[in-house]
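Q: Could you take me on a close look at a single residue here, and then show me how its surroundings fit into the rest of the chain? I'd enjoy one connected walk-through.

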Amino acid sequence: MKTRITELLGIEHPIFQAAMSWASSNAPLVIAVSNAGGMGVLGAGPLRPEDFKKILVEIQKGTKKPFGVNIPLNGTRAKELLDIAFEHRIPVMVASQGGPREQMPRFRSIGAKWLHVVASVEHAKKAEAAGVDALVVDGAEAGGHPPPSQVGTIVLVRRVVRATNLPVVASGGVADGAGIAALLALGAEAVQLGTRFIATPEASVHENYKRAVLAADVHDTCLVGPAALPIRQLKNAFTRKFQAAPAPEREALFKESSLKKAALEGDVEWGKVEAGQSAGLVDDILPAAEIMQRLVKELEQARKRLASL
């Protein structure tokens, strides 16, 4: 299936594996998705520079196909991580949380494509004006950092498609091929899945984290944290304590918990178990390559079903 995104990036299927901090901060998941014809994306945000270098070398040994790297541009280690990504001549940058204009020229000089993550029409237009190659549009159903506006994926993606001329990768609330087909029908040219890829052997999070995703239903997530940058995570002891606390105490409570506590230590009651509403559509742990095969098959089935109506 060809779209502007598959043509731009040289991938076979319009399917992205999202950058999910610790869950995608390793080589095996990225390699598996890219080798299966999708776009594997390394979450570089939590990595130390020396580890980032090693993982990039491992990915480049493990696949000759395109892969992406996500770097939050406002992070404390952003400059060093960007320098390393440039030195390793990464093929695709999937940047977030900051302005892209300053960094793009040097990445363009090595042939890299620049995708920018946005969660509003305003930011989509700014990214387009800055000259990015494509947009990743996060809707409210997404895990991690959904839009503060809480506008759902269907509405936000359609609005951005109408407001810009760039190809759009839609993200949020999708765990199967039918969901991919739905967002492609809105005008997206690829679809990004995060939570579905947490439930894989390759995802680098604790087994407790993966099991918590399997156990969750569609209503078992909530938003916590500051209103300007909330996170969506599974409901647990931490979220209940946070939501019951008076407003002045919430900032300190939020800082007491961490994603690392859940992802690496397996404390899924008091850690931040970031996941999207699509956790309620995930009920098995499968190798990433098998998930890719299933998604492609389901997408084709959905296309045939629509064509027959």
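A: Happy to. Let's start with leucine 115, which is buried, as its relative accessible area is 0%. Please keep in mind that this is a predicted model. Leucine 115 sits in strand S5, which covers residues 113-118.

What does leucine 115 touch, once residues up to four places away in sequence are set aside? The list is Leu9, Phe16, Val92, Met93, Val94, Ala95, Ala134, Val136 and Val169. Strand S4 spans 92-95, and strand S6 spans 134-138, so you can place several of these partners on the structure by using the definition of strands as DSSP runs. Aspartate 133 is another residue to find: its C-alpha atom is 5.7 Å from that of leucine 115, with the two positions 18 residues apart along the chain.

Now move along to helix H6, residues 121-130. Its buried residues are Val121, Ala124, Ala127 and Ala130. Strand S5 is part of what covers them, and the cover also includes H5, S6 and H7. After H6 comes glycine 131, with a positive phi near 100°.

Two other positive phi values are worth a look, both in residues other than glycine. For glutamine 97, phi is near 55°. Glutamine 97 belongs to the loop that runs between strand S4 and helix H5 (104-108). It counts as partly exposed, because its relative accessibility is 31% and that class lies between the 20% and 50% limits. For glutamine 150, phi is near 60°. Its loop lies between strand S6 and helix H7, the latter made of residues 153-163.

Strand S3, residues 67-70, gives you another piece of the interior. Which of its residues are buried on each side? Phe67 and Val69 are buried on one side, and Gly68 and Asn70 on the other, so both faces of the strand are covered, buried being under 20% relative accessible area. Strand S2, residues 40-43, pairs with S3 in the parallel sense, and the pairing runs over four bridges. Within this pairing, glycine 43 stands opposite asparagine 70.

For a contrast with leucine 115, turn to leucine 281. Is leucine 281 buried or partly exposed? Its relative accessibility of 45% makes it partly exposed. Leucine 281 is placed in the loop between helix H13 (259-263) and helix H14 (288-308). Beyond its neighbours within four places in sequence, its contacts are Gly173 and Ala175. Glycine 173 is 108 residues away along the chain, yet the two C-alpha atoms are separated by 9.1 Å.

Stepping back, the whole chain has 14 helices and 10 strands. Its radius of gyration is 18 Å, close to the 19 Å given by the globule rule for 309 residues, so the chain is as compact as a globular protein of that length. Along the principal axes, the C-alpha atoms fill a box of roughly 50 × 50 × 35 Å. Buried residues account for 55% of the 309. Of the contacts between residues at least 6 apart in sequence, 61% join residues at least 24 apart.

To finish on the outside, the accessible surface comes to about 13300 Å², and carbon and sulfur atoms hold 52% of it. As for charge, there are 37 positive and 32 negative side chains, and the centres of the two sets are 4 Å apart.

Terms used:
Residues numbered from 1 in each chain as written. Predicted model: local features only at pLDDT ≥ 70, side-chain atom pairs only at ≥ 80, totals over all residues. Heavy atoms only, no water. Rg over C-alpha atoms; globule rule 2.2 N^0.38 Å. Buried < 20%, exposed > 50% of the residue type's maximum accessible area, 1.4 Å probe, protein only. Contact = heavy atoms within 4.5 Å. Areas by Shrake-Rupley, 256 points an atom, 1.4 Å probe, with all protein chains shown as cover. Lys, Arg positive; Asp, Glu negative; His and termini not counted. Charge placed at Lys NZ, Arg CZ, Asp CG, Glu CD. Pairing = 2+ DSSP bridges.
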